[in-house]
Amino acid sequence: MARVRIRQHVNPLSQKYRQVLACPDWATVYDDVRRPLHLDIGCARGRFPLKMAQQHPDWNFLGVEIRQPLVLEANETGDRLGLQNLHYLFGNINVEPEKFFSALPPTLQRVSIQFPDPWFKQRHNKRRVAQPELVTAIANALPPGGEVLLQSDVEPVAQDMRERFAENGNFSFTHDTPWLAENPLGVPTEREIACFNLHRPVYRCLLQLQRIP
Ligand SMILES: C[S@@+](CC[C@H](N)C(=O)[O-])C[C@H]1O[C@@H](n2cnc3c(N)ncnc32)[C@H](O)[C@@H]1O
């Protein structure tokens, strides 16, 4: 069988990725839509949501990824394992995020953005995931107490994400130190494992929504 070549990075500003993420009928992908929902943005092969779904059958998990072949493969794996609390969607999270978030089940409880950006240069700022419109959409969709986990191994990128959430005004940090030493969810992502093996530091923080905006 011919192997599909999967690109390392795609440009989220390209015309190809300008559609709003299409949501399915949630009752066809989750066996119980009432469970709390964890959204993982930029999930790549989706191993993090997969492990979380196995460890937390009382939650639903949704991975979003802009590289379609990874999404197809991840959904096949989830189906093969019979996981009815896991689903993946293809698309660009930064296209009209308000529309996407308003089409989610009303049970959104946690969002994670982990090692999202290959865009380290300042001139590529607009390609980064944590844009103000996305932060606003997350703030509008989470209930008070809802959580956001941010992680990166590139300090300026982590700092940038941190500032975007702090300047939104609706979130507070759950810790006094600038960064958390350990992953509070206890399940490392693929990139996090690679960082650990390379002894690279990881910059992570956990925020909570304070009030309804
Ligand atoms: C470096 S990988 C990290 C994957 C995983 N979160 C981890 O920690 O191992 C970042 C992923 O985010 C995806 N991504 C980047 N921008 C995105 C966007 N605007 N919408 C959806 N996915 C995006 C990339 O395609 C890539 O798979």
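The following exercises, with worked solutions, concern a predicted model.

**Exercise 1. The sheet**

Task: state the strand order of the open sheet, identify its edge strands, and describe how neighbouring strands are turned against each other.

Solution.
- Step 1. The open sheet holds 7 strands in the order β3-β2-β1-β4-β5-β7-β6, and its pairing is mixed.
- Step 2. β3 (86-90) and β6 are the edge strands, since each of them pairs on one side only.
- Step 3. On average, neighbouring strands of this sheet are turned by 20° against each other, with direction ignored.
- Step 4. Helix α2 (residues 47-55) packs on the sheet, where it touches β1 (37-41), β2, β3 and β4 (108-114). The direction of α2 makes about 175° with that of β2.

**Exercise 2. The pairing of β7**

Task: describe how β7 pairs with β5 and with β6, and give bridge partners for L150 and F173.

Solution.
- Step 1. Strand β7 (residues 203-209) pairs with strand β5 (residues 147-152) in the antiparallel sense, over 6 bridges. Within this pairing, L150 has C205 of β7 as its bridge partner.
- Step 2. Strand β6 (residues 171-173) is also antiparallel to β7, with 3 bridges between them.
- Step 3. The bridge partner of F173 in β7 is L207, while F171 stands opposite L209 of β7.

**Exercise 3. The contact of α5 with α6**

Task: classify the arrangement of α5 and α6 from the angle between their axes, then list the residues that meet.

Solution.
- Step 1. The axes of helix α5 (residues 132-141) and helix α6 (residues 155-168) come within 10 Å and cross at roughly 55°.
- Step 2. An angle from 65 to 115 degrees would count as roughly perpendicular and one under 35 degrees as roughly parallel; α5 and α6 are therefore oblique to each other.
- Step 3. The crossing in which α5 passes α6 is right-handed.
- Step 4. From α5, P132, V135, T136 and A139 meet R164, F165 and N168 of α6. By type, the residues of this contact comprise 4 nonpolar, 2 polar and 1 charged.

**Exercise 4. The ligand shell**

Task: determine how many residues surround the ligand, which element supplies the largest share of the shell, and how the shell divides by residue type.

Solution.
- Step 1. The ligand is surrounded by 19 residues, of which G42, A44, I66, T189 and R191 are the closest.
- Step 2. At least two shell residues come from each of β2 (60-65) and α7 (190-197). The largest share belongs to α7, with 3 residues.
- Step 3. The shell divides into 9 nonpolar, 5 polar and 5 charged residues.

Note on methods. Residues numbered from 1 in each chain as written. Predicted model: local features only at pLDDT ≥ 70, side-chain atom pairs only at ≥ 80, totals over all residues. Axes fitted to C-alpha atoms, helices over the stretch in contact; angles between N-to-C directions. Helix = DSSP H or I, 4+ residues; strand = E, 2+ residues; numbered from the N terminus. Parallel < 35°, antiparallel > 145°, perpendicular 65-115°, else oblique. Left-handed = near helix turned anticlockwise from the far one by under 90°. Contact = placed C-beta atoms within 7 Å. Nonpolar A, V, L, I, M, F, W, Y, C, P; charged D, E, K, R; others polar. Pairing = 2+ DSSP bridges. Near = placed C-beta within 6 Å.
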